[in-house]
Amino acid sequence: MTTNYIGQPISRVDGRAKVTGQAKYAGEYNVPNLAYGVVVSSAIAKGRIAEIDASAALGLKGVLQVFTHKNAPPTAKSDQSYWDEVAVPGSPFRPFKDDKLLFSGQPIALVVAESFELARYAASLVQVEYEPEAHATDLNQQRDKAYKPKPREGVAPPPPPRGNPDKAFANSAVQIDAEYSVPAEHHNPMEPFATTVIWEADGRLTVYDKTQGTPNSHQYVCNVFGLSPDDVHLLSPYVGGGFGSGLRPKYQLFLAVMAARGLKRSVRVTLTRQQMFTIGHRPRTLQRVALGAAKDGKLEALIHEALAETSQFEEYSEPVVQWSGELYKCENVKLDHALANLDINTPVDMRAPGATWGLYALESAMDELAYKLNMDPLELRLKNYAEKDFSNNKPFSSKELKECFRQGAERFGWSKRTPEPRSMRDGGKLVGWGLATGIWETTQLPAGAKAVLTAEGKLTVGSATADIGTGTYTIMTQIAAESLGLPIEDVTFTLGDSTLPRAPVEGGSFTAASVGSAVKQVCDKIREKLVTVAKAMPKSPLANAKSEEIAFADGRMMLTSGPSRYVSIKEVMRHGGLSSIAETADSTPDFEKQSKYSIHPHSAIFAEVKVDEDLGTIDVLRVVSAIAGGRILNPKTARSQIMGGIVWGIGMALEEESVIDQKFGRFMNHNLAEYHVPVNADVQNIDVIFVEEHDSIVNPLGIKGLGEIGIVGTGAAIGNAIFHATGVRVRDLPITLDKVFAGAAAARPVKLAPAA
Amino acid sequence: MAAGAIMRVEQNTQANTQTVSLPSSTKITLTINGVRRELQVEPWTTLLDLLRLNLDLTGTKKGCDHGQCGACTVLVDGKRINSCMTLAIMKDGSEVMTIEGLAQNGALHPLQQAFIEHDAFQCGYCTPGQICSAIGLMREGHATTADEIRESMSGNICRCGAYPNILAAIQQAMAHRRNVDRVAGERSVNPIANERSVNP
Ligand code: FES
Ligand code: FES
C-alpha cells in the first residue's frame with residue numbers, strides 16, 4: 001500500500017517553501033503603513049532610571065513616538081495577567097512597568113518611526129540617566145545565599161533521599177567527589193525575535209509573533225491588554241528556531257502590541273542579535289557529584305547537588321539532578337537543587353533543560369569512577385543498569401538502553417579502545433574515545449485538532465501547535481494521510497494560528513505525542529463517518545464489516561481480509577451527498593495508565609576526538625548516538641533532530657559560554673562572533689541509530705519524542721573522550737584549548753612551549 | 001559604581017545635534033533576479049534592508065546584521081557576499097541574485113532539490129543563505145573535498161545543526177553538475193551554459 005506513511009523518510013512538506021524563500025517568518029510581513037520599533041536597552045544591571053530624554057529622537061521628522069515607563073499606555077495591573085503557560089513562580093517581568101532596573105539589557109524605551117533606519121538612528125539619540133545600585137551577577141559569590149526554590153509546575157522537585165547516602169559514601173571502597181561548573185548559554189536561534197502587529201480597519205489586531213505556542217502568546221496579549229480573544233488573531237506559521245527561547249512570550253510582543261494600540265497603526269519590533277542575549281538563557285550551574293562504589297564497580301552511594309542562578313523576580317528551576325536517581329541502580333541516593341538570586345533576567349528553558357547540565361556532571365563523574373576502578377566505562381554502566389526506576393520503584397514503560405549500548409558500541413568499534421589515557425594516537429595527534437548515557441522524559445499533554453475532508457478527497461487538519469524546525473508539519477501530515485489512507489499530496493496540515501484548536505507550546509519533546517494523538521483521533525472520527533455511509537451503499541463490499549475490519553488505503557476503503565473489493569472515498573462522499581465532513585477532537589492522555597510507569601527515552605553516545613597537543617585544537621571526529629525513543633514517525637526528520645542535538649552537544653562541550661563582565665553585570669560576548677556555536681567545519685561524522693523500541697503505555701502511537709534526547713549526555717561523551725586522549729580532566733565547560741593546556745602543563749610541564 | 005550616583009550614558013555623541021542634515025538619497029540601478037530596477041536609496045541602506053524592507057524580497061534573512069552568521073548571503077555579480085555588510089549604493093549597476101531568483105519557471109535548482117532530499121535544514125531560517133553561499137562556493141571551484149566544503153561553508157551558521165546534511169546536499173549538487181558538464185562536453189556545448197541558467 002502506498003499510503004502507509006508513518007515510519008517513512010518523507011521529505012519535509014514545507015521544504016519547498018523553505019528552499020525558495022517563500023516561508024515567511026514573523027518579522028517579514030511588509031504591510032502598508034507599517035511603523036518600525038527599535039528597543040533601547042538598559043546599560044546597567046541594577047538601579048533606577050533617573051531620567052530619559054527623548055527630545056532629540058522626537059525632534060527628527062518621521063519619529064512617531066518614544067515609549068518609556070513614563071508614557072506607556074496602561075496595561076493590566078496584576079501579576080496573574082502576565083503569567084503564561086510556562087511561567088515560573090514569582091512576578092513576571094513587565095516591560096515599562098516603572099523606573100526600576102532588574103537586569104542589564106532590560107528594555108527601557110521603544111522608538112517608533114516611519115522607517116527602520118530612522119527608528120534605529122533615533123534610538124541612539126535617547127539619553128538616559130541612571131541611578132545605579134551595586135549589583136550581584138556572579139553565582140560563585142552567592143553560594144551562601146542558596147535556597148530551595150518553590151516547586152515549578154510540571155517540574156518535579158528532587159525526591160527525598162533514599163538509604164543513607166552520606167554514610168554509604170564515607171564507607172565506599174572507591175570514591176569520586178568532584179565539582180562541575182557549567183556556564184550560562186544562550187539559545188541563539190538564527191531568527192531574531194520579532195513581532196509584526198497589523199492594525200486592522202476595525203481596530204482588531206493580527207499579530208505575527210515568533211513563538212513556540214500561538215495560544216500562549218495569544219492569551220498573554222489578551223490578558224495583558226484587556227482584549228477579548230476575538231480581537232486578536234495571532235499567527236506563527238514559520239519559526240526560525242526556538243530551542244525553548246520562544247516558550248514564554250518575549251518582550252518585543254508586548255512592545256509591538258503596546259505601540260500599535262498607542263499609535264493605532266501597524267508596528268513591527270525586531271530584536272537585534274545583541275538583544276537576543278537579554279531574553280533569558282540556560283542558567284549557569286555549579287554541581288557536586290559524589291559517587292561511592294565497591295571494588296567490583298557496584299554503586300553504593302550517589303550524591304548530586306546543584307546550585308543554579310535565577311533572577312531577583314522569578315524562581316526558575318529545572319530538573320538537573322533528578323536523572324541521577326533514575327538512571328542507575330543504587331540504594332543510597334541524595335539529590336538536591338538550590339537557587340541563588342542574581343541581577344539578571346530570568347533563565348529560560350533551553351533544549352533539554354536541566355538534563356543537559358545534570359547528565360554532563362553525572363556522566364563525567366561515572367567516567368572518573370571507571371578510571372579509578374580500572375574498569376571499562378561501558379561495563380560500569382551495565383553493572384549498575386537500572387531495570388526499574390529506583391527513585392519511585394515504578395517499572396519503565398520500555399527501556400532499550402542496553403540495546404543502545406550494544407548497537408552503539410558495535411557501530412563505533414568500542415571494543416578496539418585501549419583503556420589508558422594518551423594511549424591512542426593518529427600520527428602526532430592524540431585520539432580519545434569516550435561514552436556517556438542520556439535520559440530525558442516523555443510527556444503527553446492534552447491537545448486539540450480539527451479536520452475537514454472535502455468531496456474531492458482533500459483533507460485539511462489543523463492544530464494550534466508549532467513547527468520550530470522539528471518537522472511538525474510533516475509528521476502530522478503523515479499521521480493524517482495514513483489514518484485516512486489518502487495520498488500525502490491531498491493532505492494539508494496547518495498550525496501556528498490562535499484560531500485553531502488549542503495545543504500546548506512546542507517544547508519538552510511532547511508535540512509529536514500530544515498533537516499526534518489529537519490528529520489521529522480527529523481522523524478516526526472522520527473514518528467512522530465514512531464507514532457508516534459506506535456500509536449503507538448499495539452492494540457495499542463493507543456492508544457487514546465491523547469498523548476494525550475496514551482498512552483505509554490509496555484513497556479507498558476495503559476489507560482488511562480482501563482488499564480487492566473496495567469503495568473509493570470520493571464515491572462514499574458522493575453517495576452520502578456530502579460536500580465535506582468536518583470534525584474536531586480533544587485528546588487527553590491516559591494519565592492513570594501512564595502514572596503506573598516511569599516513561600523515558602534513553603541514549604548511548606560514543607565520541608571520538610583528536611587533540612593536537614602543540615596547538616591545543618580539539619576536533620570531534622565522530623559521534624555515534626544510539627537512541628531508544630519509541631516509535632519513529634519519520635526517520636529522516638528524526639535523524640535531523642538528533643543530529644541537531646548532537647551539534648548542540650559539541651557546542652556545549654567545546655564552545656558555548658555567555659560571559660558576564662561582572663563589573664557591568666552584562667553578557668559581554670553578545671554576538672555571534674564571540675559567542676561561539678558550532679559551524680560546518682566543527683561537525684564531522686555523525687551517526688544516529690534508532691534502536692527498535694515498542695511502547696504501548698506512552699500513547700497509542702508509541703511516540704516518545706526526540707527534540708531533546710540528542711543533546712543529553714553528548715557533552716559528557718566528548719569530555720570523556722578528551723580525558724581519554726589527553727589525561728586532562730576539565731570540569732569546567734566549555735573545554736577550550738587553554739584549559740586543556742593548563743591541565744596538560746600541570747601533568748607534563750616540560751614538553752609544552754611557554755605561552756608567547 | 002557608588003550607589004546613588006547619577007550615571008549618564010551617551011548612546012550617540014551627536015545627540016545634541018538635533019537638526020542633523022541627513023544626506024539625500026541616490027538613484028541606483030540594480031538587476032535583481034534578472035529584472036532591472038531603478039531604485040532611489042538612502043546612502044545608509046544596506047543591500048539586505050533594501051531587499052527585505054523596500055522590495056519585499058524577504059527570502060534573504062537577517063540573523064545578526066554584523067557579518068557574523070551568513071543568513072543574508074546573496075550573489076552579487078556571481079559572487080557570494082553578506083548583504084548586511086554591503087551598502088546598496090556600493091553596488092550600483094550590479095546583478096543581484098537572491099533565493100527567490102534561483103528556481104526557473106517553478107523548477108527547483110538541483111541544489112534546492114538536494115536540500116529537500118537530504119533534509120539540509122530544519123527551521124529554514126539559515127537556508128536561503130546556505131543555498132546562495134553554496135552556489136557561490138561551486139562557482140569559485142576551490143572546494144572539492146568534504147573538508148574543503150565544510151571549511152568554505154563555515155561562514156553560514158545553522159543553529160539547527162543541519163551541517164552534515166548541508167554537506168551531503170552540496171556534494172549531490174556538485175556531482176549533478178559534473179554530470180551535466182560531462183554530457184554538455186560530449187555534445188561540445190559550452191559548459192558555462194548550465195551555470196548561466198542559474199544566474200541570468
Ligand atoms: S545578517 Fe548578515 S551575516 Fe548575519
Ligand atoms: S535550519 Fe534552522 S538555522 Fe539552519
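Okay, so when I say contact today, I mean heavy atoms within 4.5 Å. With that in hand, let's look at how two of the domains in this chain meet. Keep in mind that this is a predicted model.

Quick orientation. Chain A splits into domain 1 (15-21 + 445-588), domain 2 (31-134 + 190-241 + 246-277) and domain 3 (285-442 + 595-747). I'll stick with domains 1 and 2 of chain A, whose C-alpha centres sit 39 Å apart.

How many residues are in contact there? On the domain 1 side of chain A it's 18 residues, and they touch 20 residues of domain 2 of chain A. Putting those two domains together buries about 1,400 Å², with carbon and sulfur atoms giving 54% of that.

Now the polar side of things. Between domain 1 and domain 2 of chain A, we count 9 residue pairs in polar contact, both partners at pLDDT 80 or more. As for what domain 1 of chain A brings to domain 2 of chain A, the touching side has 9 nonpolar, 4 polar and 5 charged residues.

And salt bridges? The rule finds 1 across this interface between domains 1 and 2 of chain A. If you want to find a salt bridge on screen, go to A:Arg502 and A:Glu85, whose side chains pair up at 3.1 Å, N to O.

Last thing, confidence. Chain A has a mean pLDDT of 96, and 99% of its residues reach 70 or more. The stretch to watch is 749-756 of chain A, where pLDDT is below 50 and the model shows 5 contacts beyond near neighbours in sequence. Where pLDDT is low, please don't read the predicted coordinates in detail.

Conventions
Residues numbered from 1 in each chain as written. Chains lettered and ligands numbered in written order. Heavy atoms only, no water. Domains from an automatic or database assignment. Buried area = accessible area lost by both parts, 1.4 Å probe. Salt bridge = Lys/Arg side-chain N within 4 Å of Asp/Glu carboxyl O. Polar contact = N/O pair within 3.5 Å; in protein donor to acceptor, adjacent residues only side chain to side chain. Nonpolar A, V, L, I, M, F, W, Y, C, P; charged D, E, K, R; others polar. pLDDT = per-residue confidence, 0-100.
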